[in-house]
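Subject: Structure handover and pocket findings

Dear colleague,

Please find below the structure that I am handing over to you. My findings on its pockets follow directly after it.

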Amino acid sequence: MGNVYVFDHPLIQHKLTYIRDKNTGTKEFRELVNEVAMLMAYEITRDMPLREVEVETPLKTAKCKVLAGKKLGLVPILRAGLGMVEGILKLIPAAKVGHIGLYRDPKTLEPVHYYSKLPTDIGERDLIVIDPMLATGGSASAALGALKEMGAKSMKLMCLIAAPEGVERIQQDHPDIDIYVAAVDEKLDEKSYIIPGLGDAGDRLFGTK
């Protein structure tokens, strides 16, 4: 069963409070989401492997550490996932970015995979799949399943806020996937919005209704 990591870092929690606030405007909301994404990326990469190299400082040769192992890939789930990518790239500029798009079929209410553009070597990368809101978990589960079919072997799911129902869905459908969130909220309402949540992340990021 995948683990659920809730980041309690004071800066993350502080900024998340203003992200939740209905009076936070689009510009500030977008900036705060990117800042929290960068802080979460700092935590999510804590266990990345290192290898030793030698460098010449102005004074002598020194044994230092650089990243080893697989390269990283970021896969935002369209469209709201885009709002977190810039912050992560500030910390990990060499990461490649893929995109995956899903929409909910109005009749079946099931997610439909309509778009993907991914690095050709996703099977050799550690992927961070990004979606600000893990509500029912349907879209995230479908995205993870599609990525597995396309060859992804190592993935983590990164969200701002999750509902218990979404966490349970991912753990049931993808027990190999670890989930990283800034908060797990109370529940879903009858319209599948996270309560207390922050509203519609896509609308608040892009100024749409």
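In this predicted model, 13 residues line the second largest pocket, and those nearest its centre are Ile44, Met48, Leu72, Asp126 and Lys156. Two elements, β8 (125-130) and β10 (154-162), each give two or more residues to that lining. The volume of the second largest pocket is about 170 Å³. Sorted by class, its lining consists of seven nonpolar, two polar and four charged residues.

The largest pocket encloses about 800 Å³ of space. Its lining comprises 29 residues, and Arg104, Asp131, Met133, Ala135 and Ser139 are the closest to the centre. At least two lining residues come from each of the strands β4 (71-78), β6 (99-104), β7 (111-117) and β9 (133-134), and likewise from each of the helices α4 (138-149) and α6 (201-206). In terms of class, 15 residues of this lining are nonpolar, seven are polar and seven are charged.

The largest pocket may also be set against the database record. An unreviewed UniProt entry carries the annotation "binding site" for Arg79, Arg104, Asp131, Pro132, Met133, Leu134, Ala135, Thr136, Gly137, Gly138, Ser139 and Asp200. Of these, Arg79, Arg104, Asp131, Met133, Leu134, Ala135, Thr136, Gly137, Gly138, Ser139 and Asp200 belong to the lining of the largest pocket.

Two of the annotated residues, Ala135 and Gly137, are described here in further detail.

Ala135 is located in the loop that runs between β9 and α4. Its relative accessibility is 17%, and because the limit for a buried residue is under 20%, Ala135 counts as buried. When neighbours within four places in sequence are left aside, the contacts of Ala135 are Ala163, Glu165, Gly166, Leu188, Ser192 and Ile194.

Gly137 likewise lies in the loop between β9 and α4. With a relative accessible area of 4%, Gly137 is therefore buried. Not counting residues up to four places away in sequence, Gly137 touches Gly166, Arg169 and Ile170. Gly166 thus appears among the contacts of Ala135 and among those of Gly137.

To summarise the loop between β9 and α4: Ala135 and Gly137 both lie in it, and both residues line the largest pocket.

Yours sincerely

Terms used:
Residues numbered from 1 in each chain as written. Predicted model: local features only at pLDDT ≥ 70, side-chain atom pairs only at ≥ 80, totals over all residues. Heavy atoms only, no water. 1 Å grid on protein atoms, 1.4 Å probe; cavity = no way out; pocket = protein on both sides within 12 Å on 5 of 7 lines; lining within 4 Å. Points joined across faces, edges and corners; volume = space filled by probe spheres on them. Helix = DSSP H or I, 4+ residues; strand = E, 2+ residues; numbered from the N terminus. Nonpolar A, V, L, I, M, F, W, Y, C, P; charged D, E, K, R; others polar. UniProt positions renumbered as here; feature names shortened; annotations may be inferred. Buried < 20%, exposed > 50% of the residue type's maximum accessible area, 1.4 Å probe, protein only. Contact = heavy atoms within 4.5 Å.
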